[in-house]
Amino acid sequence: MKSEEDGLPQEETLDPQDWTKLRRLGHRMMDDAMDYLEGVRQRPVWQPIPPEAREHFTELLPVEPMDAAAVYEEARQHILPYPTGNIHPRFWGWVIGSGSPVGMLAELLTGAMNCNAWGADQIAIEVERQVIGWLKQGLGFPHDASGILTNGGSVSNLVGLAVARNTKAEVDMAQEGVQSLPRPMVLYASSSTHSSVRKAVELMGLGCKSLRTIPVDARYRIRMDLLREAIREDRAAGRLPFCIVANAGTVDTGAFDPMEELADLAQSEDLWLHVDGAFGACVAFSDELRPLVRGMERADSISIDLHKWLHVQYDAGCVLVRNARQHHATFSSPASYLARARRGLSGGTLWFNEYGFELSRSFRALRVWMAFKTYGMRKHARLIEQNVAQAKYLAELVSGASELELMAPVALNVVCFRYVAEGAEQEAVNRLNQDLLASLQESGVAAPSSTLLQGKFAIRVAITNHRSRREDFEVLVRESIRQGRELAEARFGSPAGTPAPIGV
Ligand SMILES: *Cc1c(COP(=O)(O)O)cnc(C)c1O
């Protein structure tokens, strides 16, 4: 493009020529977003994506520009109506947080600043330092421990376990790698442990066989006797036990491993103790629930998710490491183009890229900082307690309904149940409940997820939702019975599941 006067190409930018027009669009988007949150209860939890909407996302790479307002209109039509539904009061699938209105506003600031929070002397580093300090305080970790915000529990587990491996290895892991280990390194976790732990172990080159899976007791907690036995056997066979992974809230049932006993064992066996508290470490903020994690503060590393039960907008997790030197040694790789200086922009004292794998990182700390300050941890503690009380209430409702069965003790905030069909085969009951789950979701009524408990398909309600009310659980139970009856009738010809006579 040539300008008229001097014949030089006109320089371009992504900034608008007309800021007033973009500002107007921004205000409209803000209003729509507020309406979206305020009106969430009136919408279905989830709705299947219609073919037209799906089709919309097969267009080729856009080459020519388009008006931002028109792009937004497409988003409004084809994107906003079809999320998983996790901001809805009757979403209870997997372990997913609801976010918060102020968290949404924080995203706007994050976008405006567009910081790269790897290091350098910028305020993003101080905010992250403070947020990590708050978490150390809340979880009872020492002041001089280190930590880093991550995109979630999976990466936090990887970071914690990598520090464990490098610290406990009998060779210099950074230099020699796993192939130089004089004997295999092994670690321990219960059979209810999250799959990210296994992934981390595979990625670290140890092979998933080195992760010893220890059975759980009736309350889905690691069996201490079998753990002790496994360690003994491994030592006798010449392997090097190096780490125990403890669960603070398992994904399937929300169970807590006995932290104090695990900390004692790790200490006497000289093992690293990593706590996967992605889901449940935050109960430490509640006076009422803190006893569940007593002993967690003795761990060598803890992973905690902030985007789950603490409702920070996705994504935000954190890993804390007791020994900052060991943490730094695992992830600091010198590079001349990242050299520090005594003053100026490179004069910062804390470089987060030396505490994790990522170099470029978003300013996650801002969304944590703004939400924590606005709501305060006392409110978060009450919301966690409220969800736990709601889980008890739901368990009572389920127990009181003859057509429903409670399938696991409610340790905290996870309720597993199913529709029972008397006299039907286990496989048929499993299929019926799979259909019931899909039907609850597709009708837009509620969105639980599922798990398998001793081969039985369970509808799993994990309550990490600050918008849920008691009446929402009444709706769930009512609809489970109604839709379950319909399905049983269609399948077995009678609601109680008595199989219809052959040939009818
Ligand atoms: C969710 C979860 C993870 C994985 O965390 P992401 O934030 O999804 O990466 C790990 N462990 C437990 C117990 C979890 O609940």
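This passage looks at the surroundings of Asp 305 and at a few salt bridges. The model is a predicted one, where local features need pLDDT of at least 70, side-chain atom pairs count only at pLDDT 80 or more, and totals for chains, interfaces and linings use all residues. Residues are numbered from 1 along each chain as its sequence is written, and side-chain values use heavy atoms, with hydrogens and water left out.

Asp 305 sits in strand 7, residues 301-305 (strands are DSSP E runs of at least two residues, helices are H or I runs of at least four, both numbered from the N terminus). Its relative accessibility is just 3%, so Asp 305 counts as buried (buried is under 20% relative accessible area, exposed over 50%, partly exposed in between, with a 1.4 Å probe and protein chains only). The Asp 305 side chain makes a polar contact of 3.2 Å with that of His 307 and another of 3.3 Å with that of Lys 308 (N or O atoms within 3.5 Å, one able to donate a hydrogen and the other to accept it; residues adjacent in sequence count only if both atoms are side-chain atoms).

Turning to charged pairs, the whole structure holds 31 salt bridges (a Lys or Arg side-chain nitrogen within 4 Å of an Asp or Glu carboxyl oxygen). One of them pairs Glu 73 with Arg 28 at 3.5 Å, N to O. Glu 73 belongs to helix 3 (residues 68-78) and Arg 28 to helix 1 (residues 19-38), so this pair ties together parts 45 residues apart in sequence. Glu 405 and Arg 418 also meet in a salt bridge, at 2.9 Å; Glu 405 is partly exposed at 25%, while Arg 418 is buried at 9%.
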